[in-house]
Amino acid sequence: MRHAFPECRFFAPFASHLTRASVSTPSTPAIAILGTGSNAPARVLTNDELSRRVDTSDEWIFTRTGIRERRIADAGDSVASLATAAARFALADAGLEPSDIDLLIVATCTPDLPMPSTACLVQTALGMRERAACLDLNAACTGFVYALDHAWALLSTGRYRHALVIGAEKISSLVDWSDRTTCVLFGDGAGAVVLGPARAASPARILDAQLGAIPGTADLLGVPGGGSSPATSDARRHIAMRGKEVFKFAVRGMEEVTRDLLARNGLSGADVALVVPHQANLRIIHALAQYLELPYERILVNVDRYGNTSAASIPLALDEARRSGRLKSGDLVLFVAFGAGLTYGGALVRW
Ligand code: UT7
């Protein structure tokens with residue numbers, strides 16, 4: 001682990017923002033991840049298939065992104081249905097019933113409807129009780145980390161007992177399938193965790209989290225249509241991105257937030273047993289691994305099979321890590337993400 005972190009020369013405003021945002025670790029009751037679940041649509045869309053639709057190739061996509069294939073929801077799938085299935089798995093894993101949940105947050109930037117929230121649709125589908133707070137949260141690809149931190153904060157007040165935090169996206173609905181610069185990147189899916197008081201047998205305790213957003217970067221990545229602003233038009237209801245700039249901010253953002261989180265908890269990269277990063281691009285993930293001086297085996301990667309599933313990517317990867325036995329009791333796990341906004345966030349969990 002490097003002890004002298006490199007100066008953020010290219011992104012000085014961003015660096016100072018992160019420094020200002022750093023606060024001492026709050027002292028909270030032990031809140032833990034009690035269960036995980038995920039759900040990806042069955043339909044696989046390969047790079048070869050995409051290369052028959054637009055001027056691209058498996059070689060270009062894999063070399064630049066690490067993606068081989070992604071899952072695409074069919075017409076009958078909705079974000080609510082993907083989220084509900086993931087939530088059922090997470091509840092079963094936690095040994096809880098829908099009626100035990102009193103806080104439900106769905107992180108998504110592709111809600112089924114402008115209103116009501118997708119969370120309210122999931123509440124009904126799961127058969128949850130009425131006395132439950134249900135809300136959507138939009139921080140794009142950082143959505144799951146944002147939702148986790150918010151749920152952790154609310155549970156820590158003692159006013160809520162069990163939270164269901166879901167990251168779910170049907171991002172294919174926002175993709176311009178004739179734009180090769182974006183259509184090769186994204187996929188659909190959902191992942192969920194149940195949070196609640198830590199159990200002695202399986203602590204998975206949330207230790208800390210840090211969120212942020214970089215002012216003045218909204219035009220680098222987004223959907224410039226379909227909203228209520230006079231500047232939007234339905235004709236532009238597709239993802240638009242300045243990929244190279246987003247890439248640089250993504251690398252810097254993930255490094256900076258990781259540095260802050262580890263430093264203020266007296267930890268170093270060497271203490272991290274597993275990083276579960278947002279799965280946007282293998283080159284971004286490798287840059288983070290190099291920064292932390294961690295071998296690639298300690299970084300969870302499934303971008304090759306799912307592409308960028310936005311808010312679903314971390315809980316989907318976490319569930320895969322759990323089920324494949326990659327998490328051992330006592331492991332320090334780092335979630336770190338970056339997305340439109342531009343937003344960023346990280347969280348530390350002691351498994
Ligand atoms: O959750 C956050 C979401 N977003 C991201 O994380 C995106 C971050 N950015 C990236 O991952 C990368 O910038 C991309 C993968 C999007 C692009 O990689 P790049 O190395 O930055 O490529 P580029 O945009 O500079 O394009 C290089 C060339 C261009 O051709 P010319 O101008 O050199 O002739 C592009 O037109 O590659 C061309 N190109 C493609 N060629 C084949 C762009 N997309 C494709 C494609 N297939 N799909």
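**Exercise 1.** Determine how the residues lining the largest pocket divide into nonpolar, polar and charged.

*Solution.* Begin with the classes: Ala, Val, Leu, Ile, Met, Phe, Trp, Tyr, Cys and Pro count as nonpolar, Asp, Glu, Lys and Arg as charged, and the others, Gly among them, as polar. Sorted in this way, the lining of the largest pocket comprises 17 nonpolar, 13 polar and 4 charged residues. The model is a predicted one, in which local features need pLDDT of at least 70 and side-chain atom pairs count only at pLDDT 80 or more, while totals for chains, interfaces and linings use all residues. Residues are numbered from 1 along each chain as its sequence is written, and side-chain values use heavy atoms, with hydrogens and water left out.

Next, locate the space itself. On a 1 Å grid over the protein atoms alone, a pocket is an open set of points where a 1.4 Å probe fits, with protein on both sides within 12 Å along at least five of seven lines, and lining residues have an atom within 4 Å of a point. The largest pocket has 34 such residues, and C109, P111, N138, L174 and V223 lie nearest its centre.

**Exercise 2.** Find where the second largest pocket lies with respect to domain 1 and domain 2.

*Solution.* First take the residues nearest the centre of this pocket, which are L185, M241, G243, K244 and N281 among a lining of 28. Then ask which helix gives the largest share: helix 8 does, with 7 residues, helices being DSSP runs of H or I with at least four residues, and strands runs of E with at least two, numbered from the N terminus. Finally, because domain 1 (12–22 + 204–350) and domain 2 (31–197) both contribute to the lining, the second largest pocket lies between them; the domain bounds come from an automatic or database domain assignment.

**Exercise 3.** Explain why C134 is in no disulfide with C120.

*Solution.* A disulfide is taken as a pair of cysteine sulfur atoms within 2.5 Å, and the structure holds 0 of them. The closest cysteine sulfur to that of C134 belongs to C120 and is 5.0 Å away, which is too far for a bond. As for exposure, C134 is buried (under 20% relative accessible area, with exposed over 50% and partly exposed in between, for a 1.4 Å probe and protein chains only), its value being 18%, whereas C120 is partly exposed at 29%.
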